Amino acid sequence: MDIKTYQQCASAKVVTEIQNIFFETSTKTDFKNPEEKLTFFEKYCGYYLKHHPNFFFLALHENKIVGYLCGAVNSASETELYTILSHYGLFEDQYLKYPAHLHMNLTAKLQGQGIGTLLVEAFVNKLKETKVKGMHIITAPKARNVGFYQKNNFAYQLERDGKLFMGKMI
Ligand SMILES: CC(C)(COP(=O)(O)OP(=O)(O)OC[C@H]1O[C@@H](n2cnc3c(N)ncnc32)[C@H](O)[C@@H]1OP(=O)(O)O)[C@@H](O)C(=O)NCCC(=O)NCCS
């Protein structure tokens, strides 16, 4: 398994492979039209390809992308996300202690084999080059991935409006 950044291997083919994983793992499957589908991708993934390609990690297996992790170092300064994501401000008061955030997905057949943990480690190692000491994810309280984040020491939990904030010190 190789972990690379999007910056290291940017191409249209790579974007297509990332999009395939994004929609394969998405809980939202019903879109009114192609524009709505693209906007949905942009909010949670495309935004990071454009703005943070060096914090966009890819897991490659036999030269094919099988998973990705994208994120931002300082959530409070991502002003565009406040306008495109309705829940982005919900945990704003937590951003000082847990500034960085991430989104990640793996192709179904390679889930549960430790690749997600490798991606989190790559993100943490890159964050260590910055002054940031904390990171977070936002999920649903009953989602299966809660166990994954607990195993990866996202020890702080806060629930609001049906969403679960999980914070990790690095
Ligand atoms: C969540 C996810 C990134 C974890 O990566 P992974 O490589 O599968 O996880 P690891 O093998 O490193 O760790 C295994 C743990 O992940 C969790 N896990 C395993 N399969 C999972 C799945 N299909 N969905 C969610 N969590 C899963 C379990 O807690 C598991 O621990 P266990 O083996 O003790 O039960 C990956 O499973 C995934 O992409 N799931 C579907 C999409 C998703 O939930 N993305 C996160 C959105 S916030």
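**Exercise 1. A loop residue**

Does Asn-63 count as buried or exposed, going by its C-beta neighbours inside 10 Å?

*Solution.* The model is predicted. Start with the place: Asn-63 sits in the loop that joins β2 and β3. Next, count neighbours. Asn-63 has 6 C-beta neighbours inside 10 Å. The cut-off for exposed is 12 or fewer. Asn-63 is therefore exposed. Now check the backbone. The phi of Asn-63 is near 70 degrees, a positive value in a residue other than glycine. For context, most residues other than glycine have a negative phi.

**Exercise 2. The overall build**

Count the helices and strands of the protein chain, give their sequence, and test the chain against a compact globule.

*Solution.* Step one is the count: 6 helices and 7 strands. Step two is the run from the N terminus, which reads β-α-α-α-β-β-α-β-α-β-α-β-β. Step three is size. A compact globule of 170 residues would have a radius of gyration near 15 Å. The protein chain has 15 Å, so the value agrees. Along the principal axes, the C-alpha trace spans about 40 × 35 × 30 Å. Step four is the interior. Buried residues account for 26% of the 170 residues. Step five is contact range. Take contacts between residues at least 6 apart in sequence; 71% of them join residues at least 24 apart.

**Exercise 3. The sheet**

Work out the strand order of the open sheet, and say why one side of β1 and of β6 lacks a neighbour.

*Solution.* The sheet has 7 strands in the order β1-β2-β3-β4-β5-β7-β6. Pairing is mixed. β1 (2-5) and β6 (156-160) stand at the edges. Each has a single partner strand, so one side of each is left without a neighbour in the sheet. Then take the twist. Neighbouring strands are turned by 25 degrees against each other on average, with direction ignored.

Now add the helices. α3 (residues 34-51) packs on the sheet and touches β2 (56-61), β3 (64-72) and β4 (100-106). The direction of α3 makes about 80 degrees with that of β3. α5 (residues 115-127) lies across β1, β2, β3, β4 and β5 (134-139). The angle between α5 and β3 is about 40 degrees.

**Exercise 4. The partners of β7**

Find how β7 pairs with β5 and with β6, then place Leu-164 in that arrangement.

*Solution.* Take β6 to begin with. β6 and β7 (residues 163-169) pair in the antiparallel sense over 5 bridges. One bridge joins Tyr-156 to Gly-167 in β7. Another joins Glu-159 to Leu-164. Then take β5. β5 and β7 are antiparallel too, over 6 bridges. Here Thr-139 stands opposite Leu-164.

Leu-164 lies in β7. Leu-164 has 20 C-beta neighbours inside 10 Å and so counts as buried. Set aside neighbours within four places in sequence. Leu-164 is then in contact with Ile-138, Thr-139, Ala-140, Pro-141, Val-146, Gln-157 and Glu-159. For a distance check, use Gly-134, which is 30 residues from Leu-164 along the chain. Their C-alpha atoms are separated by 16 Å.

**Exercise 5. The turn between β6 and β7**

Describe the backbone and the exposure of Asp-161.

*Solution.* Asp-161 is found in the loop between β6 and β7. The hairpin of these strands has 2 residues between them. In that hairpin, Asp-161 takes a positive phi near 50 degrees. Asp-161 is not a glycine. Within 10 Å there are 7 other C-beta atoms, so Asp-161 is exposed.

**Exercise 6. The ligand shell and α6**

Which residues come nearest to the ligand, and which element gives the most to the shell?

*Solution.* The ligand has 18 residues around it. Gln-111, Gly-116, Thr-117, Gly-147 and Phe-148 come nearest. Sort by element. β4, α5, β5 and α6 each supply at least two residues. α6 gives the most, with 4 residues. Sort by class. The shell has 5 nonpolar, 11 polar and 2 charged residues.

Finish at the end of α6. Lys-151 lies in this helix, which covers residues 145-151. Lys-151 has 11 C-beta neighbours inside 10 Å and so counts as exposed. Lys-163 is 12 residues away along the chain, and the two C-alpha atoms are separated by 19 Å.

Technical notes: Residues numbered from 1 in each chain as written. Predicted model: local features only at pLDDT ≥ 70, side-chain atom pairs only at ≥ 80, totals over all residues. Pairing = 2+ DSSP bridges. Axes fitted to C-alpha atoms, helices over the stretch in contact; angles between N-to-C directions. Contact = placed C-beta atoms within 7 Å. Near = placed C-beta within 6 Å. Nonpolar A, V, L, I, M, F, W, Y, C, P; charged D, E, K, R; others polar. Rg over C-alpha atoms; globule rule 2.2 N^0.38 Å.
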